[in-house]
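Open the model in your viewer and keep the selection panel at hand. The tour goes stop by stop: what to select, then what is there.

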Amino acid sequence: MRAITGLFVLTALLGLTGAKKDDDTPRIRWEHPWVAERLFDYGHSSWRPMKDSEFSALYRTNDLLIQHLPDGSRTRRWEFELVVNDPSRMPAFFRIADTAGVTETEVTDFDVRWISNGVTRVFDESELFKKSQSSSSSYISDRAGLSLNLDRRRPGTLKGVVQTIDSPHAGFEGLIAGHEFLQGGAASKSRTITVEVPKGTQLQFETRFFTPSEMPEKEEVGEFDRYRFDFETLLSGRWEKDMPHAFDSYPSLWWSNQASWEDLAALLDTVWEPELEANEAMVAYAEELTAGLEQSADKALAIHDAVADGWDYLGFYPGESGWIPHPATQCFVDRIGDCKDKTALMIAMMRAVGLDAHPTLVNARNAFVLSSAPQPYFNHAIVRVDDPGHPEGGFFLDSTDAGIGAMPVPAWIADRPALVIDDVAG
């Protein structure tokens, strides 16, 4: 396995002052390269004192607990009280929870009610509906939001407790990782994000675009270690045209139990390798394509061109295949696959003729800067071929780049961090 290679993007950080503690020291220091600090915090000194009634909607309570269980499953419990002063500004569909794209999500606790003009409407879990989400930022393609259709005619208060559990992802039971945005669709008078992991789990955090005055102390709660982050007077997130990816625009909290990118690569290696086997027909075809060729680059390009041009692309990968390719043998027969499937097929055939080829994960186009807390948030898979005779020790090929002689890789994936997956330490 290898460390991140390629061009590293540096984010400029500006030391800024956020909400105040009782002793008038900064509770949060906002650090954003192009958003003014006052746009995160309505308690900022540049704002006049704000009354609750001045907000179209304001969370009085906004508490999220994420608990990672020893078997690899994860629970999310959200307790909230949202005061709605101007219901016309509320979205028609209010997202209560998310379903995980590569695992099963079950609602285990649901108590949501709308209180308006002395009348309480109790929502039933059956009223939840799924609304698909954008998937361009990761392999998770079938995520959805669980939403409710709200009454936007009168002011009121939406109160609720919603808990879900995501089943373990096969092959990734040992991965504990996640992220959460600090801001939401409405301002928050009080906001907590609490992460619980099995006792003894070593976690690393990234606080993107903000720095707490001090990181929370680990608290032992039963069989879990707890980390609690507290926030006050948060403004809602602002979206503007042509903004970068949300991960590069909004303050967020990231965590992972992977000590390094090498450790994450080792985990990925265990789930990719079983899918990279070649059968006799694939070996024969690879040998036919490379007959008479001596150089590694020539052999790799011959296989690349055959697969890139001869196998159709289908960017749909429900269930476990969201992070894991289908077997290369299946892609060979089906003659169709997504970037991971075609990458797996190329690698299996390249290895069949003696090439040292490996899967590689990268973020394509205008994707986000990688977190310092390693986790598999990538949106594209390509091929790395190690070649001692190559000036740079090897080269990359994009399995979806049809055309003859597709080297170097196209601009939309060039010069950015890439995670090469193999079994070599370092």
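Are helix 2 and helix 5 roughly parallel or roughly perpendicular to each other? Select helix 2 (residues 280-289) and helix 5 (residues 339-352). Their axes come within 8 Å and cross at roughly 70°. Helix 2 and helix 5 are therefore roughly perpendicular to each other. Angles of 65 to 115 degrees count as roughly perpendicular, under 35 as roughly parallel, over 145 as roughly antiparallel, and the rest as oblique. Axes are lines fitted to C-alpha atoms, for helices over the stretch in contact, with angles from 0 to 180 degrees between N-to-C directions.

**Ground rules**

This is a predicted model: local features need pLDDT of at least 70, side-chain atom pairs count only at pLDDT 80 or more, and totals for chains, interfaces and linings use all residues. Residues are numbered from 1 along each chain as its sequence is written, and side-chain values use heavy atoms, with hydrogens and water left out.

**Stop 1: the helix contact**

Stay on the two helices and show side chains. Helix 2 contributes Met282, Val283, Tyr285, Ala286 and Leu289 to the contact. Helix 5 contributes Leu345, Ala348, Met349 and Ala352. Contact means heavy atoms within 4.5 Å.

Now hold Tyr285 and add Phe332. The ring centres of Tyr285 and Phe332 are 6.3 Å apart and the planes stand at 50°, so the pair is tilted. Rings of Phe, Tyr and Trp (its six-membered ring) pair if their centres lie within 6.5 Å; planes under 30 degrees apart are stacked, over 60 edge-to-face, the rest tilted. Tyr285 is in helix 2 and Phe332 in helix 4 (residues 328-334), so the pair ties together parts 47 residues apart in sequence. Tyr285 is partly exposed at 24% relative accessibility. Phe332 is buried at 16%. The cut-offs are under 20% relative accessible area for buried, over 50% for exposed, and partly exposed in between (1.4 Å probe, protein chains only).

**Stop 2: zoom out**

Show the whole chain as a cartoon. Count 5 helices and 23 strands. Helices (H or I, at least four residues) and strands (E, at least two) are DSSP runs, numbered from the N terminus. Buried residues make up 50% of the 426 residues. Of the contacts with a separation of 6 or more, 73% join residues 24 or more positions apart.

**Stop 3: the eight-strand sheet**

Colour the strands in the order 7-6-10-4-3-12-16-15: these 8 form an open sheet with mixed pairing. Two strands pair if DSSP finds at least two bridges between them. Strand 7 (119-122) and strand 15 (219-221) are at the edges with a single partner strand each, so one side of each has no neighbour in the sheet. Neighbouring strands are turned by 15° against each other on average, direction ignored.

Go to the strand 15 edge. Strand 15 pairs with strand 16 (residues 224-234) in the antiparallel sense over 3 bridges. Pick Glu219: its bridge partner in strand 16 is Arg226.

**Stop 4: the three-strand sheet**

Select strands 11, 17 and 13. They form an open, antiparallel sheet in the order 11-17-13. Strand 11 (177-181) and strand 13 (204-208) are the edges, each with a single partner strand, so one side of each is left without a neighbour in the sheet. The twist averages 10° from one strand to the next.

Strand 17 (residues 252-256) pairs with strand 11 over 5 bridges, with Ala177 opposite Ser256 as a bridge partner. Strand 13 also pairs with strand 17 over 5 bridges. There, Phe205 has Trp255 as its bridge partner. In strand 13, 4 of the 5 residues are buried.

**Stop 5: rings**

Select the aromatics. The whole structure holds 21 aromatic pairs. Trp30 and Phe40 have ring centres 4.9 Å apart and planes at 25°, so the pair is stacked. Trp30 is buried at 1% relative accessible area, and Phe40 is buried at 3%.

Next, show the cluster that ring pairs build from Phe181, Trp239, Phe247, Tyr250, Trp254 and Tyr377.

Then add arginines. The charged end of Arg38 sits over the ring of Trp47, 4.1 Å from its centre. Arg384 lies over the face of Phe396, 5.0 Å from the ring centre. The criterion is NZ of Lys or CZ of Arg within 6 Å of the ring centre and within 35 degrees of the ring normal.

**Last stop: Thr360**

Thr360 lies in strand 20 (residues 356-362). Thr360 is buried, with a relative accessible area of 0%. Beyond neighbours within four places in sequence, its contacts include Arg384 and Phe396.
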